[in-house]
Structures are given as structure tokens and as C-alpha cells.
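Here is a short briefing on a two-part question: what the model shows, and how far to trust it. Keep the sequence and the 3D view open as you read.

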Amino acid sequence: MSEDGKNIVAMLKELRTLCEEIHRLLGTADGQIQELDKGWKPIPANVFSGLSYMLSPRQSRRQSPRHWIPQDFSRFYENDNLGHIRAFVSVILDDWEKESVLGEPLLTAGWFDCDPGNTIELRKIYSYARWHLKMPGRRDDGQLVSADSKAWPKEPLRFLHVSTLGVPLMSVRDDKELKSKIINPLIQGIKEAQGR
Amino acid sequence: MLMALLKGKLSQKEDILTSSAFGVMKYLEPERVLIPFLAKASLPDGSKPLASIHVAAQPAYEFWPWLTEPGCNNCESDLLIRITSSDERKFLILVEVKYLSGKSSKAKDEKRSNDQLALQWNNLESLAQNESREPVLIYLTAAFCCPVAEIEASQEDLAEHKHKEANILWLSWRHLWALIRNEKHEMLGDLASVLDHLNLAIFSGFSEKKTPARIQWKFSVSSDRRADQLQGPLDRRLR
């Protein structure tokens with residue numbers, strides 16, 4: 001067997017293992033969010049969105065081979081008591097458009113505060129899971145950054161405010177760190193913002 | 001595994017899992033794994049009614065019993081556990097096990113409940129009444145968080161057939177993995193490995209990533225072939 005052949009098999013195995021680990025991370029995030037507040041529910045339509053996004057026949061741009069491998073995996077959440085909020089947790093692995101945007105994979109989370117009469121439609125929100133990369137003054141040290149939708153005057157946005165936080169994915173080594181670095185600040189941040 | 005062999009169940013992964021996990025628990029002190037595991041079972045509102053039970057004697061396990069209570073649709077459940085707590089409470093716990101599938105039957109417009117958990121509850125409630133025990137139905141799944149909608153659908157089916165609200169708790173295989181992941185006991189260590197292998201663990205970090213291989217292979221098109229392609233309709237169009 002050629003070295004190249006072995007390397008391709010090894011590379012794909014690594015990729016599959018990474019996908020399994022990301023699946024566990026996002027699933028564990030689901031459980032932790034519900035533990036902190038029973039009101040939060042994952043939005044079923046975009047369970048581990050990467051592949052469904054890529055395979056959708058309507059998204060012809062996604063059929064480009066550069067897009068065969070998903071660039072992010074995300075979960076969105078809604079809460080009946082906070083109908084105008086859409087929260088998310090996402091693993092951003094890559095950027096198809098601008099390689100320079102991402103030095104290493106990130107684990108990000110955040111929430112969109114929408115006009116109560118105009119919550120984000122499910123079909124629109126997949127790309128919103130990458131919003132951390134667009135944040136003015138973005139920082140990847142776990143601190144929350146907030147912005148008003150006016151920061152993006154040219155985009156037809158469906159939210160009023162957004163807050164995100166992000167850390168290097170590899171800095172999250174187990175369920176405890178996931179909770180302390182991402183889930184606790186996310187849920188706490190939403191609570192504090194609603195209390196203001 | 002012994003129980004699965006005895007019951008001819010080896011074709012079903014769900015049954016092998018039931019047998020392997022609860023088979024191991026059966027041979028250990030209940031306070032070691034079974035009771036702490038059951039303690040994590042929660043109602044959809046997050047409360048954990050079994051969180052503080054302590055057992056007085058070895059629980060009795062009954063694998064895959066057929067339930068044929070009068071006035072109820074017959075059904076097979078995965079496991080019945082009879083537990084007496086140190087404060088003299090007697091429980092009859094039915095465990096409905098899932099691995100990759102959901103409920104095997106849903107509500108129908110019939111005289112009796114047909115939703116899987118609802119019809120199991122009907123049998124369990126009747127059986128528990130005969131034995132003077134408290135019925136508890138545990139829905140054991142692979143999910144990361146409580147399948148509230150599934151449990152609510154079962155409660156609705158019961159309500160439509162004029163039954164009281166059932167005591168249906170949710171538990172995840174992932175709770176078991178989290179409980180035994182650092183166990184030194186060899187059998188429990190093996191069980192944790194099986195759960196991990198079946199992707200029934202929670203996130204515990206990323207494995208070490210090997211340096212990505214540089215692939216030298218390239219697929220190139222020969223110059224003859226390129227010339228042929230240039231005659232094709234697509235290339236003409238592109239030109």
C-alpha cells in the first residue's frame with residue numbers, strides 16, 4: 001500500500017474522531033444548558049447543522065468541493081420564556097472565504113436579541129452561528145462582547161443586539177471547562193442582560 | 001451478556017446493552033452503581049425523585065418480562081427492578097431502554113393507550129398496585145438532555161384515556177458513563193469503555209491530534225485529454 005493511501009485513510013479517521021468529539025461537546029452543552037435553566041431547548045431543525053447544510057440540494061454554492069467538509073457545527077436554542085432570544089453554541093473549524101480570520105478552531109457561544117415580532121427564522125440562522133467572527137473588537141479569551149445591529153449597516157439583519165464569547169477550542173479539555181468557560185457565562189450573560 | 005444469551009436477545013444491540021450494563025450492576029452492591037445511577041433519573045421539570053433512596057436489601061431484577069395486566073394492552077418491557085428502601089418504601093421500577101431508536105409505538109385513536117410508555121405505565125401501575133409498591137417508569141435513552149416532548153406525548157395519551165399523570169422519569173446512558181468513567185473495578189471499567197465505544201459518553205476532551213499527513217497524490221488531466229475536453233460543449237461555452 002502506498003504511503004499516500006495510508007495517509008489519506010489516517011487523515012479521514014482523524015477527521016471522523018474529531019467529528020465524534022465535537023458531537024459529544026455540543027451534546028454535553030445541551031445537557032448543561034438545560035441543567036442551568038430548564039426553559040432552554042435545542043432547536044431540532046439544526047441538530048449538528050454542518051452536514052445538512054452542505055448536502056442541501058438548494059444550496060448550490062455548497063456543492064463546490066471546497067465546501068464538502070463543514071466549516072462549523074452549531075446548536076441553536078430557544079426558550080419559551082424568552083421568545084425574542086436565540087442562543088447558540090458553535091464550533092468554528094475553518095473559514096471558506098477568508099483563511100486569515102481563524103488562526104485555530106474556536107468554541108463560541110452567544111445570543112441574538114430580536115425584535116419580539118421578528119424572531120430569526122430557522123432557515124436564516126445557520127450562518128449566524130459564526131457571528132463571533134464578525135464582532136467588532138472580537139476577542140477569543142472568553143469575555144463577552146456585545147454589539148448593536150447598527151454595527152452592520154449594510155446587512156439586512158433580523159436582530160437588535162448580539163453578544164458573543166469565544167475561546168480556542170483546544171483550551172476546553174473536559175465537561176467542567178466547557179461549563180465554566182462557555183455555558184455558565186452564556187446563561188449568566190443572558191440573565192443579566194434581561195435584568196437590565 | 002448472560003441474560004441476553006438466556007433470552008435469545010443477541011441480535012439487538014439495545015438488548016445487549018441492557019444485559020451488559022444491568023447484568024454487571026446485578027452482581028455488585030446496589031449502592032455502588034445502581035442506586036447512584038437511578039438517583040440521576042429526572043422528571044421533565046428537572047427534579048430527581050430517586051435522588052435520596054438507600055436500599056435495605058439486594059434489589060430483584062427481572063429482565064424482559066411480559067406484562068399482561070387485565071384491561072391493558074400486553075407489552076414486553078426491558079427490565080423490572082424491585083427495590084425496598086431503608087425507610088421501608090417499596091418501589092417497582094420499570095426501565096424502558098433505548099439506544100438509537102425512539103418509542104416503538106405511538107398514540108392511536110383507540111380505546112386503550114398505545115403509546116409505548118403509556119401502555120407500559122398502565123401495566124406497571126396495575127402490577128405495582130397488586131404488589132403494594134410505588135410504580136416508577138424510567139425512560140433510559142442515549143440523549144444528552146431530557147426528551148420532554150416524548151414524555152409529554154405519553155402523558156397526553158394517558159390523559160386521553162382518563163388515566164392519572166404517570167411517574168415517568170428520564171435517564172441517559174451518558175449518566176452511567178459519567179458515573180463509572182474513573183472506576184478502578186475491572187468490569188465497570190470495561191462497561192465504561194463499551195459505552196464510550198458506542199458513543200454514549202459525554203465530552204471529556206479532545207484526543208491528541210496527529211500531525212496531518214501531507215498527501216503528495218494529485219489527480220491531473222493529461223494534455224491529450226485536455227485537448228479533447230476543449231472540444232466539448234461545456235468548454236466551448238466557457239470560452
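pLDDT is the predictor's confidence in each residue, on a scale from 0 to 100. This is a predicted model. For chain B the mean pLDDT is 87, and 87% of its residues reach 70 or more. Chain A averages 84, with 86% of its residues scoring at least 70. The model as a whole scores ipTM 0.72 and pTM 0.80.

**Where confidence drops**

- In chain A, strand β6 (residues 161-168) has the highest confidence, at a mean of 96. Helix α2 (residues 49-55) of chain A has the lowest, at 44.
- Residues 46-59 of chain A have a pLDDT below 50. Even so, this stretch has 24 contacts in the model beyond near neighbours in sequence.
- Chain B has its own stretch under 50, at residues 232-239. For these residues the model has two contacts beyond four places in sequence.

**Chain A**

- Chain A holds three helices and six strands. Along the sequence they follow the pattern α-β-α-β-β-β-β-β-α.
- The chain has 196 residues, and buried ones make up 35% of them.
- Take the contacts in chain A with a separation of 6 or more. Residues 24 or more positions apart account for 63% of them.
- N7(A) sits in helix α1 (residues 3-36) of chain A. Is N7(A) buried or partly exposed? N7(A) has 16 C-beta neighbours inside 10 Å, so it counts as partly exposed; buried would take 20 or more.
- N7(A) and G83(A) are 76 residues apart along the chain. Their C-alpha atoms are separated by 48 Å.

**The A-B contact**

- On the chain B side, 20 residues are in contact with 22 residues of chain A.
- Those chain B residues divide into 11 nonpolar, six polar and three charged.

**Strand β7 of chain B**

- Why is strand β7 (residues 168-172) of chain B described as largely enclosed by the rest of the structure? Five of its five residues are buried, so the description follows.
- I168(B), W170(B) and S172(B) point one way from β7(B). L169(B) and L171(B) point the other way. Residues on both faces are buried.
- Strand β6 (residues 134-141) of chain B runs parallel to β7(B), and five bridges join the two.
- Which residue of β7(B) is the bridge partner of Y139(B)? The partner is W170(B), one of the residues listed above as buried.
- Helix α5 (residues 148-160) of chain B completes the picture: β6(B), this helix and β7(B) make a right-handed β-α-β unit.

**Two loop residues with positive phi in chain B**

- Most residues other than glycine have a negative phi. Two residues to check against that are W64(B) and E88(B).
- W64(B) has phi near 45°. The residue lies in the loop between β1 (60-63) and β2 (66-67) of chain B. With 19 other C-beta atoms within 10 Å, W64(B) is partly exposed.
- E88(B) has phi of about 75°, and it is not a glycine. Its place is the loop between β4 (79-84) and β5 (90-97) of chain B. Only 7 other C-beta atoms lie within 10 Å, so E88(B) is exposed; the cut-off for exposed is 12 or fewer.

Conventions:
Residues are numbered from 1 along each chain as its sequence is written. Chains are lettered from A and ligands numbered from 1 in the order in which they are written. This is a predicted model: local features need pLDDT of at least 70, side-chain atom pairs count only at pLDDT 80 or more; totals for chains, interfaces and linings use all residues. Two residues are in contact if their C-beta atoms, placed from the backbone, lie within 7 Å. Ala, Val, Leu, Ile, Met, Phe, Trp, Tyr, Cys and Pro count as nonpolar, Asp, Glu, Lys and Arg as charged, and the others, Gly among them, as polar. Helices (H or I, at least four residues) and strands (E, at least two) are DSSP runs, numbered from the N terminus. Two strands pair if DSSP finds at least two bridges between them. A crossover is right-handed if, with the strands pointing away from the viewer, the path from the first strand over the helix to the second runs clockwise.
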